[in-house]
Amino acid sequence: MRSRPAPRPRGARALAALPWLLVACLPAMVHAQPAVPTPAAVADSEVRALIAAIGQSGCRFQRNGHWHDAARAQGHLQRKYDYARRRQLAGDAETFIDQAATRSSFSGRPYRVACPGQPEVDARDWFRARLASLRGRPAPR
């Protein structure tokens with residue numbers, strides 16, 4: 001009577017093939033390029049950072065003649081950004097600043113920002129300075 005070889009544990013065949021799999025895939029792994037964020041992903045990240053910046057600023061935000069705290073301004077701008085994204089109207093950070101963060105869509109009146117110890121400024125100037133800082137560049141004049 002012949003003796004049977006001991007049964008292999010489950011998955012042993014897959015483990016035995018592993019070195020060959022690594023050898024086959026190694027060239028592709030070595031030459032793989034790191035993932036580069038898409039322009040849309042970069043824009044989304046920048047806009048979200050700008051919206052968070054107003055919320056964390058401690059500044060007041062004037063909209064349609066009424067002053068609001070930073071948290072309320074953040075919520076308002078987040079809703080405007082979400083609306084634009086749902087309708088595929090969201091562009092880059094500059095587009096967000098120019099079309100959503102600087103004036104009322106309802107009345108057309110410009111938004112203003114007043115931070116403690118600083119003069120009141122147009123929201124456009126405030127957001128452009130934050131974007132420049134975010135990108136590591138000097139603020140536009």
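Which residue takes a positive phi in the hairpin of strand 1 and strand 2? Asn64 does, as the view of that hairpin below shows. The model is predicted: local features need pLDDT of at least 70, side-chain atom pairs count only at pLDDT 80 or more, and totals for chains, interfaces and linings use all residues. Residues are numbered from 1 along each chain as its sequence is written, and side-chain values use heavy atoms, with hydrogens and water left out.

**View 1. The whole protein has five helices and four strands.**
Helices (H or I, at least four residues) and strands (E, at least two) are DSSP runs, numbered from the N terminus. Along the chain they run α-α-β-β-α-α-β-β-α. The protein has 141 residues, and 26% of them count as buried. Buried means under 20% relative accessible area, exposed means over 50%, and partly exposed lies in between (1.4 Å probe, protein chains only). The accessible surface comes to about 10,300 Å². Carbon and sulfur atoms hold 56% of that surface. These areas come from the Shrake-Rupley method with a 1.4 Å probe; for residues, only the protein chains shown count as cover. A contact means heavy atoms within 4.5 Å. Among contacts between residues at least 6 apart in sequence, 56% join residues at least 24 apart.

**View 2. Four strands form an open sheet in the order 2-1-3-4.**
The pairing is antiparallel. Two strands pair if DSSP finds at least two bridges between them. Strand 2 (66-68) and strand 4 (121-122) stand at the edges. Each has a single partner strand, so one side of each is left without a neighbour in the sheet. Strand 1 and strand 3 pair over three bridges. Arg60 has Ala114 of strand 3 as its bridge partner.

**View 3. Strand 1 and strand 2 make a hairpin with two residues between the strands.**
Three bridges join these antiparallel strands. Phe61 has His68 as its bridge partner in strand 2. Arg63 stands opposite His66. Asn64 lies in the loop between the two strands. Its phi is near 55°, a positive value in a residue other than glycine. Asn64 is partly exposed, with a relative accessible area of 23%.

**View 4. The largest nonpolar core holds 21 residues.**
Such a core is a set of buried Ala, Val, Leu, Ile, Met, Phe, Trp, Tyr and Cys residues joined through side-chain atoms within 4.5 Å. Ile54, Phe61, Leu77, Phe96, Val113, Trp126 and Phe127 touch the most other members. Helix 2 (39-56), helix 3 (70-86), helix 4 (93-99) and helix 5 (123-134) each give two or more residues to this core. In soluble globular proteins, nonpolar side chains tend to be buried together. Leaving out residues up to four places away in sequence, Phe61 has many neighbours, among them Ile54, Trp67, Leu77, Tyr111, Val113 and Phe127.

**View 5. Helix 2 lines one face with its buried residues.**
Those residues are Ala43, Asp44, Glu46, Val47, Leu50, Ile51 and Ile54. Seen down the helix axis, they fall within an arc of 165°, so they line one face. The arc is that of the directions from the axis to the C-beta atoms. Their cover includes strand 1 (60-63), helix 3, helix 4, strand 3 (112-114) and helix 5. At 1.5 Å a residue, the 18 residues of helix 2 should span 26 Å. The end C-alpha atoms are 26 Å apart, which agrees. The expected span is 1.5 Å times one less than the number of residues. Gly58 follows helix 2, with a positive phi near 80°.

**View 6. Asp44 is found in helix 2.**
It touches Tyr81 and Arg85, not counting residues up to four places away in sequence. Ala90 is 46 residues from Asp44 along the chain. Their C-alpha atoms are separated by 8.5 Å.

**View 7. Helix 5 packs its buried residues against both helices and strands.**
Ala123, Trp126, Phe127, Ala129, Leu131 and Ala132 are buried here. They pack against helix 2, helix 3 and helix 4, and against strand 1, strand 3 and strand 4. Helix 5 has twelve residues. It reaches 16 Å from its first C-alpha to its last, close to the 16 Å expected at 1.5 Å a residue. Gly136 follows helix 5, with a positive phi near 75°.
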